[in-house]
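Please open the model in your viewer and keep the sequence panel beside it. The tour below moves from one selection to the next, and at each stop it says what is to be found there.

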Amino acid sequence: MPPPPPQPTTTEEEDGEDAFTEEVLRLTAFFRKFYYNDIRDIILDADASKLHFPLVIEFAELMDSDPEFAGYLYSSPRDFLPILDTAAQRAQSEMIKQSVDLKREGKQKKFVHVRIDVSGSPLEFPETSPSIGKVRVKHMMKLITLKGTVIRSGGVKMIEFERDYMCRKCKHRFSRCPELEAGNRINLPASCPSTSSRGCVCSSFEVIEDTITCHDYQEIKIQENVQLLGVGSIPRSMPVILMDDLVDIIKPGDDVIVTGILSAKWSPDTKDVRSNLDPMLIANYVRRTNELKSDIEIPRETIEDFEHFWKEHEYTPLEGRNLILRSICPQIFGLFTVKLAVALTLIGGVQHVDASGTKIRGEPHMLLVGDPGTGKSQFLKFAAKLSNRSVITTGLGSTSAGLTVTAVKDGGEWMLEAGALVLADGGLCCIDEFDSMREHDRTTIHEAMEQQTISIAKAGLVTTLSSRTTVFGATNPKGQYDPDESLSVNTTLSGPLLSRFDIVLVLLDTNNPEWDKIVSSHILNENFDKKDKINVSEVKWTLSQLRRYINYVKNQFKPVLTKKAEIVISSYYQLQRKSGTHNAAHARLMFRNEVIQLDAIAAILCIESSTTTSPIVDNIGDALHSNFTNNPDEIYKKQEKKILKKLGLIEDSP
């Protein structure tokens with residue numbers, strides 16, 4: 001934390017002292033006018049465990065009230081932030097003196113820190129709010145705002161903030177603060193700073209006992225969001241220093257917006273190696289934005305287009321659904337079942353919390369098992385593009401943190417480093433080569449996928465992190481896939497791990513001349529007659545439009561089971577003992593707030609294609625050779641009748 005600006009002491013600096021006092025008075029009036037209730041709450045706060053109190057102010061209001069000071073605050077925050085703290089203390093004193101209630105019930109707090117919220121102000125512009133990778137020398141010692149994801153979090157330590165010294169010769173007393181840039185080292189002056197007329201050139205000082213002031217200190221590291229980077233760009237990271245009331249309020253995996261002073265610290269001294277300056281941000285205000293992870297701005301016109309689309313397909317809903325599914329990974333022909341499963345996995349179900357507080361996750365997990373060349377990685381990459389927050393990795397290609405979380409030693413201190421599942425909290429985690437995971441991940445991923453938390457107890461760091469993540473995995477079978485063996489034997493994945501996936505689709509590249517002929521004809525037709533092959537309705541469902549649709553139905557619809565759908569699911573569960581979690585997702589896909597019988601049967605048909613269940617419906621077909629039909633609504637009626645017979649809900653006609 002920067003030291004307070006030097007107070008004017010000579011008669012030549014009386015004008016500066018008057019200007020300082022005048023500015024404090026103006027800011028005191030500003031606080032009392034706009035933040036009276038906030039300061040009142042601080043005065044009345046009786047929590048004995050709290051020592052530091054934040055007063056969050058909006059930079060836009062400060063700029064409207066005092067534009068000159070706001071400009072100085074941006075260009076020289078180290079000198080002018082302490083003036084705000086002084087004004088906040090003065091506002092406290094005046095309010096206590098003028099209010100009998102505050103004087104009787106409240107108490108003036110010693111440490112009140114003014115925090116600057118730049119939301120809605122010019123400081124949100126790219127010039128003053130650059131990405132981490134675009135921070136340059138011109139931003140040094142300025143008040144800037146950085147956005148990113150916390151990838152490391154150190155422990156909370158105590159740091160010496162101020163210490164008083166006395167000259168051994170003239171007994172002059174002065175204060176010194178440690179320099180964060182120099183590794184928290186206190187640099188003493190070369191000679192006594194006394195301003196007496198006789199002067200003092202003594203360079204021997206002693207520490208005055210009981211004058212050391214300590215503050216809480218924590219160091220984290222944030223990384224810029226991968227989704228905001230261009231193709232081929234490497235995400236950059238930056239250390240952030242948190243102090244006082246800012247410590248221990250965020251965890252690895254959190255999305256944050258940090259406002260602070262850009263500074264730099266010297267790299268460790270090494271013999272015959274040039275010492276560099278490493279940038280760091282001394283935080284003034286930290287705001288968690290986890291609740292904004294899945295938010296995408298959707299214009300009203302786009303929502304009206306969605307409503308109009310489903311109004312057009314009111315009597316042929318499955319035909320409308322298939323038009324949406326065709327736009328998923330359009331470069332791959334057919335694979336209707338896979339595209340339906342991908343859509344339902346991305347949209348997700350509805351989380352349920354019972355009376356005891358037990359949560360039933362709404363995020364489904366999906367695994368593709370298939371031969372090389374069946375398009376598994378293409379589906380993974382396309383799904384990552386559709387999700388607003390996604391992390392794509394491989395089983396062995398992840399960082400030292402693996403897929404979950406680990407403890408790493410950085411600069412002599414143990415810190416938590418978040419893995420892929422933590423960084424994808426609230427979004428999608430795509431894992432290619434799922435069977436090549438490290439042994440550490442195989443044991444910890446069970447909790448992450450089912451309980452949606454990751455518990456860690458390493459190097460004295462004991463905590464629980466959130467991993468509310470949809471897992472989309474892909475893997476090749478071990479050698480030639482043997483249909484007579486179990487899926488666990490074919491993939492080397494354990495049964496408990498496979499049970500975490502709600503749907504597992506096997507894509508086997510069998511020699512099927514008819515299918516090969518259809519696929520080759522489709523590819524040639526796409527190349528030569530592309531304009532004739534694209535339907536007007538299909539042009540509408542572009543990648544950006546599909547992202548908006550998925551985000552909108554996830555936030556807008558909370559489907560509930562109707563009685564008919566409940567009977568179908570209950571009957572199917574009794575046969576398969578398999579919970580149908582995809583029916584709510586299908587209702588969302590169909591733009592509905594009710595899970596009707598159609599959604600339940602569509603989910604059953606999707607699950608029937610999974611090799612983790614024993615099929616009860618004959619001739620469903622494998623996922624690789626599933627194709628889009630011309631009359632899906634008519635075909636559904638036949639499938640519905642067949643399934644209801646199998647479930648015993650209708651009798652065979654004589």
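Before the first stop, one term is needed: two strands are said to pair if DSSP finds at least two bridges between them. Please also keep in mind throughout that this is a predicted model.

**The whole chain**

Begin by selecting the whole chain, whose secondary structure comes to 22 helices and 23 strands. Of its 654 residues, 48% count as buried, while the area that the chain exposes is about 33,400 Å², with carbon and sulfur atoms supplying 50% of it. If you look at contacts between residues at least 6 apart in sequence, 73% of them join residues that are at least 24 apart.

Now colour the chain by confidence: the average pLDDT is 76, and 81% of the residues score at least 70. Where in the chain is confidence lowest, and where is it highest? The lowest mean, 42, belongs to helix α17, at residues 536–539, and the highest, 88, to strand β8. Select residues 529–539 as well, where the pLDDT is below 50 and where the model has eight contacts beyond near neighbours in sequence. At residues 1–14 the pLDDT also stays under 50, and for this stretch the model has 18 contacts beyond four places in sequence. Where pLDDT is low, the predicted coordinates should not be read in detail.

**An open sheet of five strands**

Next, select strands β14, β17, β20, β13 and β21, which in that order make up an open sheet with parallel pairing. The strands at the edges are β14, at residues 390–394, and β21, at residues 503–507; each has a single partner strand, so one side of each is left without a neighbour in the sheet. From one strand to the next, the twist of this sheet averages 15 degrees.

Stay here and zoom in on β13, residues 366–370, which runs parallel to β21 and is joined to it by five bridges. To see one pair of partners, select Leu367 together with Val504, its bridge partner in β21.

**Strands β7 to β10, and β3**

Move on to β8, residues 237–243, where six of the seven residues are buried. Over seven bridges, β8 pairs in the antiparallel sense with β7, at residues 213–223, and with β10, at residues 277–288, it pairs in the parallel sense over two bridges. Which residue of β8 should you select to see the bridge partner of Glu219? That residue is Ile241, and Ile241 in turn has Ile282 as its bridge partner in β10.

Then select β9, residues 255–266, in which 10 of the 12 residues are buried, so that this strand is largely enclosed by the rest of the structure. With β10, strand β9 pairs in the antiparallel sense over 11 bridges, and seven bridges join β9 to β3, at residues 143–154, again running antiparallel. Ile257 of β9 is a useful residue to click on, since you can look for Lys147 opposite Ile257 and for Arg287 of β10, which also stands opposite Ile257.

**The loop between β8 and β9**

Two residues in the loop between β8 and β9 deserve a stop. Is Asp244, which lies in this loop, buried or exposed? With a relative accessible area of 2%, Asp244 is buried, because buried means under 20%. Most residues other than glycine have a negative phi, yet Asp244, which is not a glycine, has a positive phi of about 60 degrees.

Asp245 lies in the loop too and, at 17% relative accessibility, counts as buried. Show side chains here to find the polar contact of 2.6 Å that joins Asp245 and Arg115. Leaving aside neighbours within four places in sequence, Asp245 is in contact with His52, Pro54, His113 and Arg115.

**Two last selections**

Go now to Cys329, in the loop between α8, residues 317–326, and α9, residues 336–347. Cys329 is buried, with a relative accessible area of 0%, and although it is not a glycine, its phi is positive, at about 50 degrees.

Finish at Val405, in strand β15, residues 405–410, which at 3% relative accessibility counts as buried. Select Ser455 together with Val405: the two are 50 residues apart in sequence, and their C-alpha atoms are 8.8 Å apart in space.

How values were computed. Residues numbered from 1 in each chain as written. Predicted model: local features only at pLDDT ≥ 70, side-chain atom pairs only at ≥ 80, totals over all residues. Heavy atoms only, no water. Helix = DSSP H or I, 4+ residues; strand = E, 2+ residues; numbered from the N terminus. Axes fitted to C-alpha atoms, helices over the stretch in contact; angles between N-to-C directions. Buried < 20%, exposed > 50% of the residue type's maximum accessible area, 1.4 Å probe, protein only. Polar contact = N/O pair within 3.5 Å; in protein donor to acceptor, adjacent residues only side chain to side chain. Contact = heavy atoms within 4.5 Å. pLDDT = per-residue confidence, 0-100. Areas by Shrake-Rupley, 256 points an atom, 1.4 Å probe, with all protein chains shown as cover.
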